[in-house]
Amino acid sequence: MSASAHCIFCKIVRGEIPAIKVYEDDLTLAFMDIQPASPGHTLVISKAHAPTLLDIAEVDLLAVTVTTQRIAGAVQQALVPDGIRINQFNGTAAGQTVLHYHVHIIPMWEGQKIGAHGRAPADPDALKALAARIRDALQA
Ligand code: 5GP
Ligand code: ZN
């Protein structure tokens, strides 16, 4: 069985498990992190399965990077954070928990102290409302 068969992010790409999506194109998908480190925490993934930066095809890496910039811009417009943290982990020793290449977009406000990930699942309705604001900003 391929590595992607049991991969949770591949299951989201295939529509086998739900995700609150904000953006999708041929190569990338962006959706709300289920355990946000901060309100508006969004993940950008390649649709193709690749565990880490060391494995991902250049075309997918470029596409994820371009989508990350687009979504970060929409997050900035929609939520007006004071800054945006971009995190990306490679390997469990580095803090990666889902072995499918992804980039974290984490809006930050002055004085906020957060970890790399959230610790608890967010209220789905709150995530949906944030996603709607980010999607609206993408259309603007
Ligand atoms: P990392 O692998 O970079 O450490 O982080 C994986 C991220 O994926 C975590 O922030 C975690 O909350 C998020 N995550 C894990 N499983 C799911 C899921 O099923 N749905 C969504 N939307 N996010 C997930
Ligand atoms: Zn995968």
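Here is a short conversation about the zinc site in this predicted model.

Colleague: Which residues hold the zinc ion (ligand 2), and what makes them donors?

Modeller: Cys7 and Cys10 bind through SG, while His49 and His100 bind through ND1, at 2.0 to 2.3 Å. A donor is an N, O or S atom within 2.8 Å of the metal, so these atoms qualify.

Colleague: Why is the site called tetrahedral?

Modeller: The angles among the four donor atoms run from 105 to 117 degrees. The label asks for all angles to lie between 85 and 135 degrees, so the site of the zinc ion (ligand 2) earns it.

Colleague: How are the donors spaced along the chain?

Modeller: They follow C-x2-C-x38-H-x50-H. His49 sits in the loop between strand E3 (42-46) and helix H2 (58-79), and His100 in the loop between strand E4 (83-87) and strand E5 (102-108), so the two histidines tie together parts that are 51 residues apart in sequence.

Colleague: What makes His100 buried or exposed, and what about His49?

Modeller: Buried means under 20% relative accessible area, so His100, at 0%, is buried. His49 has 27%, which is above that limit but not over 50%, so His49 is called partly exposed.

Colleague: And the cysteines, are they buried or exposed?

Modeller: Cys7 has a relative accessible area of 8% and Cys10 has 5%. With the limit under 20%, both therefore count as buried.

Colleague: How do you know that the side chains of His100 and His49 make a polar contact?

Modeller: Their separation is 3.4 Å, and the cut-off is within 3.5 Å, so the pair counts. The side chain of His100 also reaches the backbone oxygen of Ser46, at 2.7 Å.

Colleague: What else does His100 touch, leaving aside residues up to four places away in sequence?

Modeller: Its contacts include Phe9, Ile45, Lys47, Ala48 and Pro51, along with the zinc donors Cys7, Cys10 and His49. Another link across the sequence is with Thr52: the C-alpha atoms of His100 and Thr52 are 6.4 Å apart, although 48 residues separate them along the chain.

Colleague: How many disulfides does the whole structure contain?

Modeller: The search finds zero. A disulfide needs two cysteine sulfur atoms within 2.5 Å, so no pair in this model meets that limit.

Definitions and conventions
Residues are numbered from 1 along each chain as its sequence is written. Chains are lettered from A and ligands numbered from 1 in the order in which they are written. This is a predicted model: local features need pLDDT of at least 70, side-chain atom pairs count only at pLDDT 80 or more; totals for chains, interfaces and linings use all residues. Side-chain values use heavy atoms; hydrogens and water are left out. Donors are N, O and S atoms within 2.8 Å of the metal (3.2 Å for Na, K and Ca); water is not among the atoms, so sites may look incomplete. Four donors count as tetrahedral if all angles lie between 85 and 135 degrees; four count as square planar and six as octahedral if opposite donors are over 155 degrees apart and all others between 65 and 115; anything else is irregular. Helices (H or I, at least four residues) and strands (E, at least two) are DSSP runs, numbered from the N terminus. Buried means under 20% relative accessible area, exposed over 50%, partly exposed in between (1.4 Å probe, protein chains only). A polar contact is a pair of N or O atoms within 3.5 Å; within protein, one must be able to donate a hydrogen and the other to accept it, and residues adjacent in sequence count only if both atoms are side-chain atoms. Contact means heavy atoms within 4.5 Å.
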